[in-house]
Each structure stands twice: as C-alpha cells, then as structure tokens.
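Let's take a walk through this protein, starting with the overall layout and ending with a couple of charged pairs. Keep the 3D view open as you read.

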Amino acid sequence: MASHIMILSLLAITCSLAIGFEPSPLQDFCVADPASSARVNGLACMDSKLAQAGHFSFAGLHVPGNTSNPLGSRVTPVTVGQLPGLNTLGISIARIDYAPQGVIPPHTHPRASEILTVLEGSLQVGFVTSNPDNRLITKDLRKGDVFVFPVGLPHFQWNMAGGKAVSLSALSSQNPGVNTIANAVFGSNPGIADDVLAKAFQVDKTTIDHLQAQF
C-alpha cells in the first residue's frame with residue numbers, strides 16, 4: 001500500500017511540474033520590469049497600472065538589417081528584451097535579412113521551436129536530428145514557403161541565390177536564446193582545451209588553434 005501511495009505521489013508531482021512549466025496567466029499581462037531586483041524565471045512584472053501602449057508595440061521591423069558583415073546576414077529580434085509586453089506570453093518574432101550567399105550559421109534555440117516564412121527571395125534551410133542518426137532534413141524555400149525548426153535542434157539558413165532575401169520567424173518563447181555552434185565550440189570563454197577539441201573533431205591541435213583564433 002505504501003508503495004502505491006509513493007508512486008501516486010510521484011505521478012502527482014510530475015504532472016504538477018509539467019503543468020506548472022508554463023502556467024496559465026494569473027492576470028491580463030505581465031509587462032517586464034528590467035529594473036526590478038526580484039529574481040524569477042524570466043522577468044518580474046511591473047505595476048499593471050503603469051503599463052502603456054508602448055510596452056506592447058515595436059517599431060521598425062520593416063527596416064532592412066545591415067548585412068555588411070562576414071556572415072552576410074542580420075537578425076532583428078523582437079523578444080522580451082525589445083518588447084516588454086511579451087513577458088510570460090511565450091512568443092517572439094525576428095526579421096532576418098540576407099545578402100547574396102548570406103548565411104545564418106548552424107545554431108540552436110534552447111527554449112523555443114521556430115517557424116520561418118520566406119518574405120523575399122529564396123533560402124536553403126535545414127536541421128539535424130539527434131544522435132545517433134544525425135539526419136540532415138533540408139529544403140529549398142521560395143517566397144511564401146514555411147518551414148519549422150523543432151526546439152533545441154541545430155539548424156541553418158542560407159541565401160544561395162544572387163539577390164537578397166528576407167524571412168520572418170516566430171518562436172515559442174519570449175526569450176528563445178541562441179547558441180551558435182561554431183561560437184560555442186571554438187569561441188567559449190575560457191576556451192575548451194585543444195586536446196578535447198582535437199580528439200572530438202579528429203584533427204590536429206594546429207587546426208584547432210586556427211579555428212579558435214577566428215572567434
């Protein structure tokens with residue numbers, strides 16, 4: 001009998017944690033208050049009586065991003081950092097501009113799935129599944145096409161055409177996070193030991209030193 005009670009208790013705790021991960025709002029909104037010293041999973045709410053229309057709006061997403069950089073791309077995010085009214089709502093968007101041959105390199109969003117729509121031009125996009133298969137699932141997209149990147153999986157976008165391209169992404173978190181694979185592996189602070197990376201990538205340490213110097 002005691003074992004049954006313990007099992008039921010564990011199930012109840014598990015269910016409550018699953019439900020409590022992203023609970024239903026307890027108020028109309030929770031505008032982020034970045035000045036608050038409160039430590040919560042996210043950002044503390046400002047007094048709702050102080051909320052203004054500006055807390056729920058963002059201007060400038062129509063403006064092309066500057067793609068004059070080594071990657072030939074620019075992300076204009078609209079997360080809770082730019083739009084405080086997104087706090088606790090579990091959504092955000094981003095405009096992405098691509099120069100010809102511009103790329104968004106392989107990266108992950110640890111807290112969000114992403115749905116991308118091509119607004120202008122064409123893109124090759126893809127993601128890689130988990131070990132041990134590591135399947136590359138990729139597709140060439142044209143204007144109006146939509147593609148989904150599942151949460152946490154490495155993915156990329158590449159403007160393989162000769163003209164510019166623009167896409168719009170919606171993400172399932174107000175703070176999706178970005179972990180660019182190359183930056184994380186070769187540009188960590190402090191750096192990952194040469195011996196570890198050389199063995200992981202099956203190359204010599206001179207190659208690793210060269211790659212780390214790029215970041």
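How many helices and strands are there in the protein? Four helices and 10 strands. Before going further, bear in mind that you're looking at a predicted model. If you follow the chain from the N terminus, the order of the elements is α-β-β-β-β-β-β-β-β-β-β-α-α-α. In other words, one helix comes ahead of the run of strands, and three helices follow that run.

Now for some overall numbers. The protein has 215 residues, and 31% of them count as buried. Its accessible surface is about 13,300 Å², with 61% of that belonging to carbon and sulfur atoms. What about contacts along the chain? Take the contacts between residues at least 6 apart in sequence: 67% of these join residues at least 24 apart.

Next, the strands. Five of them make up an open sheet in the order S1-S2-S9-S4-S7, and the pairing is antiparallel. Which strands stand at the edges of this sheet? They are S1 (73-78) and S7 (146-149). Each has a single partner strand, so one side of each is left without a neighbour in the sheet. On average, neighbouring strands here are turned by 20 degrees against each other, ignoring direction.

Zoom in on the S7 end of the sheet. Strand S4, covering residues 114-120, is joined to S7 by four bridges, and the two run antiparallel. If you'd like a spot to find on screen, look for Glu114, which stands opposite Phe149 in S7.

Finally, the charged pairs. Side chains of opposite charge can pair when their charged atoms come close. How many salt bridges does a search of the whole structure find? The search turns up two.

One of them links Arg95 and Asp97, with the closest N and O atoms 2.8 Å apart. Are these residues buried or exposed? Arg95 is buried, and Asp97 is buried too.

The other salt bridge is between Lys205 and Asp195, where the closest N and O atoms are 3.0 Å apart. Lys205 belongs to helix H4 (residues 205-213) and Asp195 to helix H3 (residues 194-201), so this pair ties together parts that are 10 residues apart in sequence. As for its surroundings, Lys205 has a relative accessible area of 40%, which means that this residue is classed as partly exposed.

Conventions:
Residues numbered from 1 in each chain as written. Predicted model: local features only at pLDDT ≥ 70, side-chain atom pairs only at ≥ 80, totals over all residues. Heavy atoms only, no water. Salt bridge = Lys/Arg side-chain N within 4 Å of Asp/Glu carboxyl O. Buried < 20%, exposed > 50% of the residue type's maximum accessible area, 1.4 Å probe, protein only. Contact = heavy atoms within 4.5 Å. Areas by Shrake-Rupley, 256 points an atom, 1.4 Å probe, with all protein chains shown as cover. Pairing = 2+ DSSP bridges. Axes fitted to C-alpha atoms, helices over the stretch in contact; angles between N-to-C directions.
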